[in-house]
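Biologist: Before I trust the words used for a structure, I would like to see how each one is earned. Could we go through them with care?

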Amino acid sequence: MARYIVRRLLTMLLTMILVSMLVFAIVEIAPGNVARNILGAYATPEQEASMSRQLGLTRPVSIRYISWLFGSDWQAKGEIGLPMAQIISEQGLVKNAREWWAVAPNGEHLQWTVEEGKLYKLVLLADGNTEKILDESSWKAGEDGDEYFWGVDTANRAAKWVKGSKDIEYRLDYSGWVESTGAPVEYIPLSKGLIRGDAGVSLRYQAPVSEVIGRRILNSFILAALAIVVSIPTAVILGLIAGLNEGKLIDRIISIGGLITAGSPDFATGILLIMVFAIWLKVLPGAAVFTSADALWKNPNLLVLPVLTASLVEIGYVLRITRSSVVEVMNSPYVRTAILKGLTYRQVVTRHVLRNAMMAPITVIMLHVNWFIGGLVVVESVFGYPGLGSFILNAALFKDVYSIEAGAMVLILLAVGTQLIADLIYSLVNPRIRYS
Amino acid sequence: MEKKIHPLVTEANQQLREGKITRRDFLRLSTLLGLTVASAEFLAACGTPEQAATEVPAPAATEAPVVATEAPATGGIVRGGTLTCATRIERVDNPATTSLISAAQPWRHVIEYLTHTDPTGVTHPYLLESWNASDDLLTWTLILRKGIKFNNGQELTADDVMFNFKQWLTESVQSSMFGAMSYLDLSGVEKTDDYTITLKLKTPSIFIPEHLAQYPAGIVPASFGGDITKEPIGTGAFTMEEYVVGERCVLKARKDYWRNGADGKPLPYLDEIIMVQLGDDRSADLSAYQSGQVDTILEPNVAIWEALKDDADTTVVATPTGATRVLRLRADQEPWNKVEVVQALKHCHNREKILALALQGQGTIGNDSHVSQANPEFNDIPPYPFDTAKSKELLTAAGYPDGLTVELAVASDWPESMAYAQALKEDAIAGGFTINLNPMPASQYWEGWTDFNMGITWWSHRTLAPMILAVAYTGNPDGTPAAWNESHWVDQEFSDILTEAVGTLDLEKRKELVGKLQVIQKERGTICLPFFMSVWKIYKKNIHDIEPTPDEYAIFYETWKDA
């Protein structure tokens, strides 16, 4: 069993790597120019080229893929010769402003800037300000006779300056396009990489993707977990009752009820529930109005209608599968044998029927866990719930590349993970399935 | 106290006497020129400017902005409470570059404006104590109110205002103020002393006070580093406590705000404002409102208005505006570079039908010129009739006897645009146009709004007609379209008359000039504009004093809530 799990984990890793390449390639191939998306219609080709360089988009695809996955700070370390450090500080309403610095052997944190052809280093002081010191002695002689310098600039990039370069950098500053000559000739945007929890900076939110997506994953996870906790036991119990009473009135009622809830689209169910419980009876909130970050804990009522809406569809679906599976098992020869053997009805049901009949629902449930986390877009939209599904949808609409990539990876990880869990549960439920 | 009165005020007063302009227009003009509202009202009511100057001992415009909404509260104002609004929480860094009103809504409670245009269209000093214009309208003096403190304790001085002018007037910043204030160069802005700024204009203009009240003109301190979420510093009555793009922001009342309320204590009345965004399509706004989770919905659309217009628990205030949806056609691209084609499309508009479908009739008919009844310079020029036979004729003349197939970009989030596009698509078939709709999310539309060959763009209200015309339908000095000229239509005659209108204070003369502009734009302009919209403020009955601005600004400084 242990060997099986290890093997499965390794295949999972391989799958993830292949999928990451695929995700990266799809976003890469997809039409749309990232630099132009950021700059808008009025940028000149020079500005666009400069922005592409600054975003590291002119680097080879393979290097960008590796940087996305494993980060680029170690690449920068190789060029600069100093270790990199990411400092996270609070700036105004931005709780986790991230800044990259090079760490000198004496422990000083350094950034560099070139102004009017002269190299300056910026030393981080204890109070968060910087001291600007002329650093002209740091230029290094290059092979082609030019003097160059690799350092960290003030915008979270490693940059290579060439002394006396006439290159113009167009930078979108608070005061607009800043043209500065002596701009770096090469950039490495610094990041830790997806593996180390840094999925890049969202172009839409101008905040780390990991921060935004983390919040959304948590919200979706809460919604999905509650929906599963509510719907699965209810559905399995109802399906069992219906299956054991095949053809009787109770079976008919449950089956038709299940058909109705599974058949009604979730937006219709959601709106009906809102009209009854929020607008008419005024007993429950009709939308997910999060007035603070911990609104869900302070006012769990917010979750009732979204969870109910998501659950109803799921209940109908799972109960019908459970019912037909139970019916099938009840008619199987081994159940007849067990009954003929003289086992009590209860023993027959718990020891023979339940275990065998659960195989199909478990497959469906595990597939649905994944769907629940990412696929509740409609429920999220009806209630204005800030979840992962709507996040990914909007990232795709905005061509927010790092968000799309991170969102896709999260969903794939969930899909692969839940499938592994499903396989393990199979073997627990049905001892005939043995993995080795 | 002797106070110099602008000669044009005397002239305007004369026109008022002769019934050529309305009292409201006179008030607007004279306050624009630096007269206090009290003096202007006095002038309007009786006598000559000379009398007003000597007999009304009012210091230069010092009243706090007058707000007239419902019946004035008679001592019933309650302090405290939280106002919750459903709106959009946009990504904002530099307020000067904001191009969406919704992006400015939360922040206008943190940063304030030099002037304020009240619901009747009269502009007052706000952070300014007063302003003065020279006789030739080329030199304007802005005098700052003393003792106003930013929420970091620093005092607001002319240096801060200079910094803001620098942002607005530097082209590379890409602030819409740059296009709007095309009459002013940065070199013409001078600090006279710590509280006085002098503006030397390139061409005469009367719009300065009104431009200073535009939503990108919020005043940030001179130390501003480019991202207001990192430095939420302003003079406003609230401080931003939390700002989560796409989700929520929380504003808390300041204790030391500079303006006092009706009860003599500092504003604001509310303790807290919470703004939430419920998803990207705002479909949950209505259920949030109806189940009592939010008190108001900002910038409500017609569907929300329809659902709530008869609600017993809701105050609905409608205001006709110059806000509209403009079908703009790229004048520099096929087929719209032929004026007959544009005119043909104009003949395919069944305007009443479009207004009924798009807005349930809640608006006014447009004649393809971007001047609305809400602008004082409006001339009632009838639009082209709905005549598809004429359209076919024009298309044949332009060399398209077999008709034309075009693609129309439209933002699916704006129901009015969608309804307009669909109505036009149906009606234009008979006129020889096959219009393929290309619906997309608004965010995607804004990304390419100036690029599309044919698209329907959302335009907000501007107080005076030439203000919008100068932003959207002019060229740079080199003849290329200005930054916001989405139709890329630059017409020399139009530009010349517009420049003249911008320097004309006399309303009657300006109205005449705008009339010429309306005709030119109707005939040659590459836009179709079938309707202007009404806007609404929609809020619960227990909320009071929300200013019904035609420009859809949400201002909650003097809003209060029943205990």
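Modeller: What follows is a set of questions about the terms used for this predicted model, each with an answer.

Biologist: How do you know that strand 7 and strand 8 of chain A pair?

Modeller: Two strands pair if DSSP finds at least two bridges between them, and strand 7 (residues 147-152) of chain A and strand 8 (residues 157-162) of chain A have five bridges in the antiparallel sense, so the pairing meets the definition. Within this pair, Gly151(A) has Ala159(A) in strand 8 as its bridge partner.

Biologist: What makes strand 6 and strand 11 of chain A edge strands?

Modeller: The open sheet of four antiparallel strands in chain A follows the order 6-7-8-11, and strand 6 (140-141) and strand 11 (186-189) of chain A each pair on one side only. Helix 5 (residues 73-80) of chain A packs on this sheet, touching strand 7, strand 8 and strand 11 of chain A, and its direction makes about 145° with that of strand 7 of chain A.

Biologist: How do you know that strand 4 of chain A pairs with strand 3 of chain A, and what lies between the two?

Modeller: The definition asks for at least two bridges, and six bridges join strand 3 (residues 109-115) of chain A to strand 4 (residues 118-124) of chain A, so these antiparallel strands count as paired. Val114(A) stands opposite Leu119(A) in strand 4, while the hairpin has two residues between its strands, and Glu116(A) takes a positive phi near 50° there.

Biologist: Which hairpin does strand 4 of chain A form with strand 5 of chain A?

Modeller: Strand 4 of chain A and strand 5 (residues 130-134) of chain A are antiparallel, with five bridges, and Val123(A) stands opposite Glu131(A) in strand 5. Their hairpin has five residues between the strands, and Gly128(A) in the turn has a positive phi of about 95°.

Biologist: Why does the length of helix 18 of chain B agree with what a helix should span?

Modeller: At 1.5 Å a residue, the 18 residues of helix 18 (residues 507-524) of chain B should span 26 Å, and the end C-alpha atoms are 25 Å apart, so the two values agree.

Biologist: What makes Leu513(B) in that helix buried?

Modeller: A residue is called buried if 20 or more other C-beta atoms lie within 10 Å of its own, and Leu513(B) is among the residues of helix 18 of chain B that are buried, including Leu507(B) and Val514(B).

Key:
Residues are numbered from 1 along each chain as its sequence is written. Chains are lettered from A and ligands numbered from 1 in the order in which they are written. This is a predicted model: local features need pLDDT of at least 70, side-chain atom pairs count only at pLDDT 80 or more; totals for chains, interfaces and linings use all residues. Two residues are in contact if their C-beta atoms, placed from the backbone, lie within 7 Å. Axes are lines fitted to C-alpha atoms, for helices over the stretch in contact, and angles run from 0 to 180 degrees between N-to-C directions. The expected span of a helix is 1.5 Å times one less than its number of residues. A residue is buried if 20 or more other C-beta atoms lie within 10 Å of its own, exposed if 12 or fewer, and partly exposed in between; C-beta atoms are placed from the backbone.
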